[in-house]
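Biologist: I should like to go through the terms used for this chain and hear the reasoning behind each. Please set the values against the criteria as we proceed.

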Amino acid sequence: MLLFDYLNPFWWLAMAIIGFKLFALGDAALRRDDAYRAADKKTKGFWLIVLGLALGLDLLLGAYVLSNFLTLIGLVAAIVYMVDVRPAIKQLTDGRGGGRRNIGPYGPW
């Protein structure tokens, strides 16, 4: 079976895709809800559903890129989150997921 064939490069590619989607989902879950609205992106719930479905389908059906079109759609969604949404939210929240802390009238302290 391909899933347990550690010498197969497609198995490693599938694990990398699952890890990437897991990281994107975890990052989306840790960000504040109001940061999504402030960055003028879709809501936190939207991204959690999309990324959760993408990861869930990979875990359920297998993340073999060449044989599963749903894997590619989910991968594109995770890439869009990581390249577009995450940097916008990090810029607003000072990169920590929460609000800006330790900011005085003249900058950080």
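Biologist: What makes K21 and D58 a salt bridge?

Modeller: This is a predicted model, and in it the closest N and O atoms of K21 and D58 are 2.5 Å apart. The criterion asks for a side-chain nitrogen of Lys or Arg within 4 Å of a carboxyl oxygen of Asp or Glu, so the pair of K21 and D58 qualifies. K21 lies in helix α1 and D58 in helix α3, so this salt bridge ties together parts that are 37 residues apart in sequence.

Biologist: How do you know whether K21 and D58 are buried or exposed?

Modeller: The cut-off for a buried residue is under 20% relative accessible area. K21 has 1% relative accessibility and therefore counts as buried. D58 has a relative accessible area of 2%, so D58 is buried as well.

Biologist: How many salt bridges does the rule give?

Modeller: The count comes to six salt bridges. One of them pairs R31 with D27, with the closest N and O atoms 2.9 Å apart. R31 is buried because its relative accessibility is 6%, and D27 is buried because its relative accessible area is 9%.

Biologist: What makes K41 and D84 a further salt bridge, and why are these two residues called partly exposed?

Modeller: The side chains of K41 and D84 meet at 3.1 Å, N to O, which satisfies the limit of 4 Å. K41 belongs to the loop between α2 and α3, whereas D84 belongs to helix α4, so the pair ties together parts that are 43 residues apart in sequence. Partly exposed lies between the 20% and 50% limits; K41, at 26% relative accessibility, therefore falls in that class, and so does D84, at 37%.

Biologist: Which residues are joined into one network by salt bridges that share partners?

Modeller: The network consists of D27, R31 and R86.

Biologist: How do you know that the length of helix α4 agrees with its number of residues?

Modeller: Helix α4 covers residues 69-92, which is 24 residues, and at 1.5 Å a residue it should span 34 Å. Its end C-alpha atoms are 34 Å apart, so the two values agree. Even so, α4 bends by about 35° at V85, with a proline, P87, following within four residues. Just after α4, D94 takes a positive phi of about 65°.

Biologist: Which elements do the buried residues of α4 pack against?

Modeller: They pack against α1 (9-30), α2 (33-38) and α3 (44-61). Among the buried residues of α4 are T71, G74, L75, A78, Y81, M82, V85 and I89. As a general point, an α-helix has 3.6 residues a turn, so residues three or four places apart point the same way.

Biologist: Which residues form the nonpolar patch on the surface?

Modeller: The patch is formed by L57, L60, L61, F69, L70, L72 and I73, with about 680 Å² of accessible area together. The elements giving two or more residues to it are α3 and α4, and α4 gives the most, with four.

Biologist: Why is L61 called partly exposed?

Modeller: L61, found in helix α3, has 49% relative accessibility. Exposed would require over 50%, so L61 counts as partly exposed.

Biologist: What is the order of elements along the chain?

Modeller: From the N terminus on, the order is α-α-α-α-β-β, that is, four helices and two strands. Of the 109 residues, 37% count as buried. The chain exposes about 6,900 Å², of which carbon and sulfur atoms supply 70%.

How values were computed: Residues numbered from 1 in each chain as written. Predicted model: local features only at pLDDT ≥ 70, side-chain atom pairs only at ≥ 80, totals over all residues. Heavy atoms only, no water. Expected span 1.5 Å × (residues − 1). Bend = angle between axes of the 7 residues up to and from the residue. Buried < 20%, exposed > 50% of the residue type's maximum accessible area, 1.4 Å probe, protein only. Contact = heavy atoms within 4.5 Å. Areas by Shrake-Rupley, 256 points an atom, 1.4 Å probe, with all protein chains shown as cover. Patch = residues over 30% accessible without salt bridge, like charges linked within 9 Å, V, L, I, M, F, W, Y side chains within 5 Å.
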